[in-house]
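Please open the structure in your viewer and keep the selection tool at hand. The stops below say what to select next and what can be found there.

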Amino acid sequence: MSKNLKIIIIVIVILLIAIISFSFSLKGKKSEDSSNKLNIVVTTFSTYDFTKQIVQNNAEVTYLMGPGADSHGYEPSAKDLIKIKESDVFIYIGGEMENWVDKVLKSDTIDENKTKLIKVTDCVETIEEVEVDGAEDTYEEEHNAFDEHIWTSPTNAKKMVKYLSEEFTKLDSKNKEIYQKNADNYIAKIEDVRIKIQEIVSNKKRDILVFGDKMPMQYFLNEFGLRASAAFNGCSTEAEPSTKTITYLINKIKEENIPVILYIELGTGNTAKSIANEAGCKVMQIQTLHNISKKDFDSGETYVSLMTRNLEVLKEALN
Ligand SMILES: [Zn+2]
């Protein structure tokens with residue numbers, strides 16, 4: 001081998017080593033970047049939306065249940081459990097809808113030195129589940145449970161955003177100012193919708209909403225001084241109401257001349273439609289923010305935009 005060829009080979013080898021080690025260092029940098037970000041796992045839509053609004057792209061946010069799913073029927077898969085185990089922050093509501101969380105917490109799946117647990121019901125005053133007028137009695141065992149649907153009250157929603165932003169700030173102080181600013185902006189937007197709802201309620205003709213469906217909005221009703229009749233309590237899993245319940249709601253609508261019967265997001269609205277046919281009123285969908293449809297999720301709808309959608313519904317239903 002000539003001397004020149006030897007030199008060329010040595011140079012090529014050196015170059016190769018340089019290229020390989022450079023690309024490794026790039027990879028190292030990349031994973032360092034994403035591991036610097038908080039890895040947050042949330043169970044429900046409201047907490048997902050609030051978290052996203054606060055952190056935007058400064059943290060990884062996983063929405064465990066995902067859009068379109070029935071929050072009460074959800075059970076975590078093995079993959080979901082790994083996501084929870086690997087998270088820096090795990091955010092849950094902490095009601096009977098999330099009984100599975102209690103099991104996970106008891107099972108030692110989560111290392112609390114690694115994963116910060118945030119139970120959002122800690123930041124609001126919870127109420128006991130109430131029996132809704134007209135509803136099927138389906139709550140034999142769970143009667144004394146607290147009502148977990150805290151986010152339906154905009155005032156609670158503001159508290160949740162504040163609470164989450166304070167926790168994120170503690171865990172990720174380098175983004176403190178961003179989180180606080182984003183939280184303040186979102187709280188202002190929620191307050192804006194709350195004021196608009198209050199205006200509608202202040203000018204209302206009636207104080208009752210009729211649900212041909214489940215009625216998970218007790219916190220909302222309490223906040224605005226409204227009452228409801230419904231086919232089912234809270235989030236009962238019963239599919240078909242009895243003839244007695246249907247007749248009761250039809251008579252109620254006729255007697256009180258109620259203009260609208262409601263059904264909730266992700267429902268078929270079939271019960272509401274058949275009651276409306278008999279009673280001669282309109283059917284409208286109300287957003288309880290329990291979960292979001294796939295379509296709304298993909299088009300970037302938020303807690304605020306969906307609550308805003310309720311304004312037209314409330315205008316018609318309360319007048
Ligand atoms: Zn529910």
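Colour the predicted model by secondary structure to begin with, and the protein will show eleven helices and eight strands. If you then colour by burial, the buried residues account for 37% of the 319 residues in the protein. For a sense of how the chain folds back on itself, consider the contacts between residues at least 6 apart in sequence, of which 66% join residues at least 24 apart.

Next, select strands S5, S6, S7 and S8, which form an open sheet in the order S6-S5-S7-S8 with parallel pairing. Strand S6 (227-230) and S8 stand at the edges of this sheet and have a single partner strand each, so one side of each is left without a neighbour there. Looking across the sheet, you will find that neighbouring strands are turned by 35° against each other on average, when direction is ignored.

With the sheet still shown, add helix H8 (residues 243-255), which packs on the sheet and touches strand S5 (208-211) as well as S6 and S7, its direction making about 145° with that of S5. Helix H9 also packs on the sheet, where it touches S7 and S8, and the direction of H9 makes about 170° with that of S7.

Now narrow the selection to strand S7 (residues 260-264) and strand S8 (residues 282-286), which pair in the parallel sense over five bridges. Following the chain from S7, you pass through helix H9 (residues 270-279) before reaching S8, and this β-α-β crossover is right-handed. Which residue in S8 is the bridge partner of Leu262? Selecting Leu262 and looking across to S8 leads you to Met284, while Tyr263 stands opposite Gln285 in S8.

Leu262 also leads to the next stop, the largest nonpolar core, since this residue is listed there with Ile54, Val161, Val210 and Ile261 as touching the most other members among its 73 residues. Helix H6 (residues 176-202) gives the largest share of this core, six residues. Colouring by domain shows a further feature, as the core draws at least three residues from each of domain 1 (36-131 + 143-189) and domain 2 (204-317).

Finally, centre the view on Ile54 and display what surrounds it. Leaving aside residues up to four places away in sequence, Ile54 touches Val161, Leu164, Ser165 and Phe168, together with Tyr179, Asn182, Ala183 and Tyr186.

Methods. Residues numbered from 1 in each chain as written. Predicted model: local features only at pLDDT ≥ 70, side-chain atom pairs only at ≥ 80, totals over all residues. Core = buried A, V, L, I, M, F, W, Y, C linked by C-beta atoms within 7 Å. Buried ≥ 20, exposed ≤ 12 C-beta atoms within 10 Å, placed from the backbone. Helix = DSSP H or I, 4+ residues; strand = E, 2+ residues; numbered from the N terminus. Domains from an automatic or database assignment. Contact = placed C-beta atoms within 7 Å. Pairing = 2+ DSSP bridges. Right-handed = clockwise from strand over helix to strand, strands pointing away. Axes fitted to C-alpha atoms, helices over the stretch in contact; angles between N-to-C directions.
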